[in-house]
Amino acid sequence: MAGKLWVRLIKKTRTVDSRTEDCGFDGWQEALNEICHQMDVSRPVVLPRHERDWETFGMTQFLPEHFLESVTFDRMELQYIDPDAKKGNRNLYSDL
């Protein structure tokens with residue numbers, strides 16, 4: 001079952017906008033394109049650091065310098081929501 005990409009726009013410590021889009025774990029960039037279109041925000045430049053964070057943690061964040069156009073928020077946070085994950089039983093060290 002596919003999960004969701006959760007995108008939040010943060011200004012200081014407040015969420016100013018939040019959206020979700022259905023996607024698989026590997027399809028996050030296409031879902032990000034759709035959400036950016038819905039929010040009327042330019043798509044950020046995805047760097048190798050963002051891809052590593054996504055692969056390792058299932059989340060990443062973009063700062064204003066990752067956008068080609070100016071933005072009105074301090075950061076954009078992305079997180080993958082996996083409906084198949086066991087609630088409350090996440091072991092970050094299970095792969096060690």
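**Notes on a predicted model: strands, rings and charges**

1. Let us start with strand β3, residues 59-62, which has two unlike faces: Thr60 and Phe62 make up the covered one, while Met59 and Gln61 make up the uncovered one. Side chains in a regular strand alternate between the two faces of the sheet. Please keep in mind throughout that this is a predicted model.

2. Which strand does β3 join, and in what direction do the two run? The partner is β4, residues 75-81; the two strands run antiparallel and are joined by 4 bridges. For a landmark when you look at the pairing, take phenylalanine 62, whose bridge partner in β4 is methionine 76. Phenylalanine 62 also belongs to the covered face of β3.

3. On to the rings, where there are 5 aromatic pairs in the structure. One of them is stacked: tryptophan 28 with tryptophan 54, at 4.9 Å centre to centre and with 25° between the planes. Tryptophan 28 belongs to helix α1 (residues 28-39) and tryptophan 54 to helix α2 (residues 48-57), so this pair ties together parts that lie 26 residues apart in sequence. Are these two tryptophans buried or exposed? Both tryptophan 28 and tryptophan 54 are buried.

4. Phenylalanine 67 and phenylalanine 73 form an aromatic pair with another geometry, edge-to-face, with 5.5 Å centre to centre and 85° between the planes. Both of these phenylalanines are buried.

5. It is worth viewing the tryptophan pair together with its neighbours in the cluster. Phe25, Trp28, Trp54 and Tyr80 form one aromatic cluster. Two of its members, Trp28 and Trp54, are the residues of the stacked pair described above.

6. A ring also meets a charge in this model. The charged end of arginine 8 sits over the ring of tryptophan 6, at 4.9 Å from the ring centre. Arginine 8 comes up again below, in a salt-bridge network.

7. How many salt bridges does the structure hold? There are 5. As background, side chains of opposite charge can pair when their charged atoms come close. One of these bridges joins the side chains of aspartate 17 and arginine 19, at 3.4 Å from N to O. Aspartate 17 counts as partly exposed, at 22% relative accessibility, and arginine 19 also counts as partly exposed, at 28%.

8. Helix α2 offers another salt bridge to look at. Aspartate 53 pairs with arginine 49, and their closest N and O atoms are 3.5 Å apart. Why are the two residues separated by about one helical turn? Because they are 4 residues apart in helix α2. Arginine 49 is partly exposed, with a relative accessible area of 32%.

9. In strand β4 I would look at arginine 75 and glutamate 77, whose side chains meet in a salt bridge of 2.7 Å, N to O. Arginine 75 is partly exposed, with a relative accessible area of 25%. Glutamate 77 has a relative accessible area of 17%, and because buried means under 20%, it counts as buried. Through salt bridges that share partners, Arg8, Arg75 and Glu77 are joined into one network.

10. Finally, a word on the cysteines. The structure holds 0 disulfides. Cysteine 23 counts as buried at 6% relative accessibility, and cysteine 36 counts as buried at 3%.

Technical notes. Residues numbered from 1 in each chain as written. Predicted model: local features only at pLDDT ≥ 70, side-chain atom pairs only at ≥ 80, totals over all residues. Heavy atoms only, no water. Buried < 20%, exposed > 50% of the residue type's maximum accessible area, 1.4 Å probe, protein only. Pairing = 2+ DSSP bridges. Phe/Tyr/Trp six-rings, centres within 6.5 Å; stacked < 30°, edge-to-face > 60°. Lys NZ or Arg CZ within 6 Å of the ring centre and 35° of its normal. Salt bridge = Lys/Arg side-chain N within 4 Å of Asp/Glu carboxyl O. Disulfide = S-S within 2.5 Å.
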